[in-house]
Amino acid sequence: MVSSKVDRRAFLKYLGAGAIAVAGTAAGYYVASKQPVCASTETVVVTSQLAPSVAIQTLTRTITETESRLASLRDAADARGLLVGTAVEPNYFYDPPYPTILAREFNFATPENAMQWGTSNLSEGQWDFARADALVEFADRHDMKVKGHPLVWDKFQLPGWVNSDLSADELRHAMQERIQTLVGRYKGRVYAWDVVNEAVDDHNGLRKGLFFNKLGEGYVAEAFRHAHEADPDALLFYNDYGAEGLGGKSDRVYQLVKKLLGNGVPIHGVGLQMHVSAKDYPDPREISTNIRRLAALGLKVNISEMDVRIRDLTDSLPKRLEVQQQVYHDIIAACVQEEGFIAVTFWGFTDAHSWIDSWFGADDPLLFDENYKPKPAYWGVLEAILGE
Ligand code: G3I
């Protein structure tokens, strides 16, 4: 069967129905076939959309197994050597569509809350790894990489015993013990870590939180050094929001990581969270420029927590979903073009479970609806990863 670029959406929907397809080369050819296409030489008949005057071209090419299985975000990402991920909450594993879609569509998992300090170490000296273990075991079973999150973050979910009553030395010891315990437990099984989350202030310098106030700005470097010592092979990321495009906070994040690198701190990447509104989001061209300058430092870059709110739009729901699709597409299409960009992670994948509803009000920010059906946003992401 042949699909043309004109009815690409139908093709992608067909693709999403589990069809086996071969995405063409840069020539923009698509072929959809109901029959599994094995790694063999196949005669593939395509219509070229680049030269409509050209009659049907017969193209014989060897089709690799990977190319012939572009039936999910994960397959499309695998074909490009990218990671496509989602925040994961093991408490939802009981609901069959959740783990099914998680394993089918994603090759990269980040714990939404399972590794928060308040979850894994509620009382001093007491550790609870049940949810974190469940996530890492699921990822192992489904050949998914894991990004641990977050090692050091003092805005939310600190356990009660980690507070300003601790002396600087006690807090420093607590931070070191958390990092060594958690990173050490998953050594060789967790691919990357958000070592420090949201340390840069929205307006000036570093955020004046518990760690900065007690330990000074040096806590950032200390955290990275402890993490590297606990697992020298893990990629270590700095993660933040509001620094995706260009501007004051983006510049401060850039200066922070540049300084860390200059001081020999083992930092390997930056996570750009990308919590945005379809009404107001960073210019994809500025995101590209930002990724380029971070990559020029030798750092890897990932979108680490993407969701696109649509509650601020005033159009009909179908129109808002269409705008959302375009925003997902345009941002990700800009990022995947950049050297050094390794992954896009969504902060959840179903509107049934998003932090947005409780923090901003009811919304539909993710790729699948409450009934786990792919939304237009899903197709926008697939097309962006496919290079369309
Ligand atoms: O588990 C408790 C539950 O026992 C209790 O009954 C309930 C009511 O208080 O709270 C539950 O904990 C909540 C937790 O999410 C699990 O649902 C916390 O109160 C709530 O603060 C926590 O919110 C999380 C938030 O980080 C703060 O930690 C969100 O789910 C999570 O999506 C959000 O994720 C952050 C990233 O880690 C860092 N970047 C920003 C992003 C969004 O804020």
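**Reading the cavity, the pocket and the ligand**

Biologist: How many nonpolar, polar and charged residues line the second largest cavity?

Modeller: The lining has 4 nonpolar, 4 polar and 1 charged. Ala, Val, Leu, Ile, Met, Phe, Trp, Tyr, Cys and Pro count as nonpolar, Asp, Glu, Lys and Arg as charged, and the others, Gly among them, as polar. The model is predicted: local features need pLDDT of at least 70, side-chain atom pairs count only at pLDDT 80 or more, and totals for chains, interfaces and linings use all residues. Residues are numbered from 1 along each chain as its sequence is written, and side-chain values use heavy atoms, without hydrogens and water.

Biologist: Why is that space, about 50 Å³, called a cavity?

Modeller: Because on a 1 Å grid over the protein atoms alone, a 1.4 Å probe fits there but cannot get out. T86, Y98, E112 and H353 are among its lining residues, meaning they have an atom within 4 Å of a point.

Biologist: And what makes the other space, with about 760 Å³, a pocket?

Modeller: A pocket is an open set, with protein on both sides within 12 Å along at least five of seven lines. The largest pocket has 35 lining residues, including E198 and W355 close to its centre.

Biologist: Where does the ligand sit?

Modeller: In the largest pocket, so more than half of its atoms lie within 2 Å of the pocket's grid points.

Biologist: Which ligand atom makes a polar contact with E112?

Modeller: An oxygen, 2.5 Å from a side-chain N or O of E112. A polar contact is a pair of N or O atoms within 3.5 Å, so this pair counts. For E198, a ligand nitrogen at 2.9 Å qualifies too.

Methods:
Polar contact = N/O pair within 3.5 Å; in protein donor to acceptor, adjacent residues only side chain to side chain.
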